[in-house]
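Me: Please take a close look at one part of this structure, its largest pocket. I should like a connected account of the pocket and of the fold around it.

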Amino acid sequence: MKIAKLAAVAAPLLMLAYGIIRLVGRMDGVYGPGLDWQAAHLANLAGLILFVPLVLAIRRLLAPGWVREAVVVVSLVGAATSIVQFVADIVEGLLAADKAGMRELSAQFHSVPGVDLAFYQVGPQLLYIGMIALTAMLARERTLPWWSVAVVLVSSLLPLATLNLIPVSAAGYLVALVPLWRPQERQDTARLATS
């Protein structure tokens, strides 16, 4: 549970760092390749990696069953495809001399059959779908409050409107997952009190 507590805070904070560094980096009109691009993407990559132990720790908090296993697999596939996407972005940033070079390298990667669909269009979205479902399952078992589900849902949708909302989205995830820091005894007492 210590890993879940750490990841529940660190993963959203690293996403928040990504969003802020990205916004600051775009202020001069030149974002990538460069230090700001790499710093932002490395921060988010670390956050995405932390979603793996977070999802596995949440799995242990849930009642066994095929639904739990299916949602965990969906979440982990989403995390894995997101990690691949960010590793590709980091490598492109390292190899390219300028923005045009990055676009060319990105186009080459996207042209590989299945890459765009798996690592950009569908795969990464599975992490957020999985997190919404896992949060709902935790709320159903009274490990998280129901408002956490609403916050995770809204936070997952915000970046679809504009990537500039990533810091708000990350803050939402942090607020929604902070109740995982409650001691287990208090969680058990809350379950008994409401059953």
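Reply:

**The fold and its largest pocket**

Read from one end of the sequence to the other, the chain of this predicted model follows the pattern α-α-α-α-α-α-α-α-α. Its secondary structure thus comes to nine helices and zero strands. The C-alpha trace spans about 60 × 35 × 30 Å along its principal axes. For 195 residues, a compact globule would have a radius of gyration near 16 Å, and the 18 Å of the chain agrees with that.

Within this helical chain, the largest pocket has a volume of about 830 Å³. It is lined by 33 residues, of which Y18, Q85, F86, L163 and I166 are the closest to the centre of the pocket. Several helices contribute to the lining: α1 (2-26), α2 (35-61), α3 (66-95), α4 (99-110), α6 (123-140), α7 (146-161) and α8 (166-177) each supply at least two residues. By class, the lining consists of 18 nonpolar, nine polar and six charged residues.

Two of the contributing helices, α6 and α7, also pack against each other. Their axes come within 8 Å and cross at roughly 170°. Because angles over 145 degrees count as roughly antiparallel, α6 is roughly antiparallel to α7. On the side of α6, the contact is made by Q125, Y128, M131, I132, T135, A136, A139 and R140. On the side of α7, the contacting residues are W146, S148, V149, V152, L153, S156 and L160. Taken together, the residues of this contact divide into ten nonpolar, four polar and one charged.

The loop between α6 and α7 contains R142. This residue has a positive phi of about 65°, although it is not a glycine.

A further backbone feature belongs to the loop between α1 and α2, where P33 lies. The peptide bond from G32 to P33 is cis, with omega near -15°. The helices on either side of that loop, α1 and α2, are also among those that each supply at least two residues of the lining of the largest pocket.

Terms used. Residues are numbered from 1 along each chain as its sequence is written. This is a predicted model: local features need pLDDT of at least 70, side-chain atom pairs count only at pLDDT 80 or more; totals for chains, interfaces and linings use all residues. Side-chain values use heavy atoms; hydrogens and water are left out. On a 1 Å grid over the protein atoms alone, a cavity is a set of points where a 1.4 Å probe fits but cannot get out, and a pocket is an open set with protein on both sides within 12 Å along at least five of seven lines; lining residues have an atom within 4 Å of a point. Grid points are joined across faces, edges and corners, and a volume is the space filled by probe spheres set on the points. Helices (H or I, at least four residues) and strands (E, at least two) are DSSP runs, numbered from the N terminus. Ala, Val, Leu, Ile, Met, Phe, Trp, Tyr, Cys and Pro count as nonpolar, Asp, Glu, Lys and Arg as charged, and the others, Gly among them, as polar. Axes are lines fitted to C-alpha atoms, for helices over the stretch in contact, and angles run from 0 to 180 degrees between N-to-C directions. Angles under 35 degrees count as roughly parallel, over 145 as roughly antiparallel, 65 to 115 as roughly perpendicular and the rest as oblique. Contact means heavy atoms within 4.5 Å. The radius of gyration is taken over C-alpha atoms; the globule rule is 2.2 Å times the number of residues to the power 0.38.
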